[in-house]
Every structure is written in C-alpha cells, then in structure tokens.
Amino acid sequence: MKREFGVVLATATLTLAAGLVTPAVAQTAPVATPTPSPTPVCPPVLPINAMVTGTTATSVSITYSAFVVPPCGYDPPITFHLFGSHDDAIDWQNPIAQGTSGPERSGTVTIDGLTPGTEYWFRISDAHGVRDRYVIGGPARTGLPAPCTATATVDSGWGSGFVATVTVRNTGADQLNGWRVRLSWPGGGSVQSIWNAVVETTSTEVTARHAEYNRVLAPSASTTFGLLAATSSVPTGLTLSCERWS
C-alpha cells in the first residue's frame, strides 16, 4: 500500500510539472527599411534665362526661356517680380509690380504702369511659387515721357489723295523749343505739299519739323500744320509720334 501511494504521488507531480511549461513566445515580423528616393542629377545649366528686351516710358518687357523642368527647373506660368533696388531684389522685399507669362516655356512678358525714367530689377518664380535662386535681372530703366504729342484729322479724301491737319501739343512741364513729327498711313504714298511746317522726308513715313514761327511751345500749348498727300487708298487715320528737335 505505501509503495502504490508513492507511485501515484510521483505521477501527479509529473503531471503538474508538465502543466507549468512556459508557452512559446510569438515571433515579430521584421520591419522593412524604406529605400531612400534617389537624388535627381540636374544638368549643369541655368534652369531659366531671362533678360530685358524692351522698355517704354511706362513699361518693361522681359524675354525668357525655361530650359529645365522640375525638380531641376521650373514650370510655367513664370512670374516676374519687379523691385526698386538691387538690395530689395536680393532679399525679395518690397516688390513694386509683377507680370505673369502664359503656359509657354519661352516668350516675352510686358509689365506696364511703371514710373518714367526709373530703374527696376527683377526676380523670377514659377507656377508652384518656387523662387529662382540665380537670376537677378537689371537694372532696366524706363524711358522719359515724350515732350509732345501729335494727333491728326483727315479733313477730306478722294481716290488718289487726301488732306490732313496735324496738331502738335507740348505735354511737358517746361517750354518746348523745337519739335519734330513722324507720320505714316496705310496704303503708302507721298506728301505733295505741307504748310505751317517744314517737311524733311516725303516717302511712306513722313518727317516734318517746326517752322521758325511755331517752334516754341509753352507747357500745354499747341500748334497745327497741314499736308496734302498722294496715296493709293485714303486712310481713316494716321500713325504719329512727336519728339523734341532743335
């Protein structure tokens, strides 16, 4: 009896020990290391080129070419920002005006409404607002306003000619001592006679200057001269420009 009890006790001990076996630990799946994106290799060229190609008394025209696309270059539309000093352009501060291109990768942008006789510098940004780091253009100086204006009225016309009256006005703040007018019209032709002015050329583009008795114009003052022209087609109007002339 004692021997059998010991066997039963031993068996129970083994069974209990078997129930206390530590369970297996679950294995964690390895975390994949992200592969870094390759750094783009940009060509050794300027991403965009731009330069001033024209000015008037109130405008600046800038011609540009965007050579490289993002991430190395820029996407149109391209915006040109004008500044009043080189330091402001460097720091991108106090912009004065701006103009934006169309969808073309090259073209010309004209920014108007500027002050005559003033210097401007420009910087560039693209469609995403990315600022170009390289180009600081300028200085571009707007021209001085014309000291005078010229307007014309076609008084009468017939199949082969017309008569016109030209009005010259001093638009400056100072006395105008001498003026010259250039005028042309569609259809070509030549000046047959002129009065109250001295004609210098009589081809398709006519140049006429003051006579001695109407060379001096006070501010806002005006004078007129007339012309008789031969032409193949009577124009509805003339194209004119006026300048100071001594």
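Hi everyone, this is a short tour of the nonpolar cores and aromatic pairs in this structure. Keep in mind that it is a predicted model.

Let's start with the cores. The largest nonpolar core has 22 residues. Val168, Trp179, Val181, Leu183, Trp185, Phe225 and Leu227 have the most contacts inside it. Which strands supply at least two residues each? They are β8 (148–158), β9 (161–170), β11 (179–184), β12 (190–195), β14 (206–209) and β16 (222–230). Of these, β9 gives the most, with four residues.

If you click on Val168, you'll find that it touches residues including Cys148, Trp179, Val181, Leu217, Phe225 and Cys242. Apart from this core lies another one, of 18 residues, with Ile62, Ile78, Phe122 and Val135 among them.

Now for the rings. The structure holds five aromatic pairs, and I'll show you two. Phe80 and Phe122 meet edge-to-face, 5.9 Å centre to centre, with 75° between the planes. Because Phe80 lies in strand β3 and Phe122 in strand β6, this pair ties together parts that are 42 residues apart in sequence. Phe80 is buried at 0% relative accessibility, and Phe122 is buried too, at 3%. Ring pairs also bring in Tyr64, linking Tyr64, Phe80 and Phe122 into a cluster.

The other pair is Trp179 with Phe225. Their planes are at 15° and their ring centres 5.9 Å apart, so this pair is stacked. It links strand β11 to strand β16, with the two residues 46 apart. Trp179 is buried at 0% relative accessibility, and Phe225 is buried at 1%.

One last thing to look at: the charged end of Arg180 sits over the ring of Trp245, 3.6 Å from its centre. Thanks for listening!

Key. Residues are numbered from 1 along each chain as its sequence is written. This is a predicted model: local features need pLDDT of at least 70, side-chain atom pairs count only at pLDDT 80 or more; totals for chains, interfaces and linings use all residues. Side-chain values use heavy atoms; hydrogens and water are left out. A nonpolar core is a set of buried Ala, Val, Leu, Ile, Met, Phe, Trp, Tyr and Cys residues joined through side-chain atoms within 4.5 Å. Buried means under 20% relative accessible area, exposed over 50%, partly exposed in between (1.4 Å probe, protein chains only). Contact means heavy atoms within 4.5 Å. Rings of Phe, Tyr and Trp (its six-membered ring) pair if their centres lie within 6.5 Å; planes under 30 degrees apart count as stacked, over 60 as edge-to-face and the rest as tilted. A charge sits over a ring if NZ of Lys or CZ of Arg is within 6 Å of the ring centre and within 35 degrees of the ring normal. Lists of a residue's contacts leave out its neighbours within four places in sequence.
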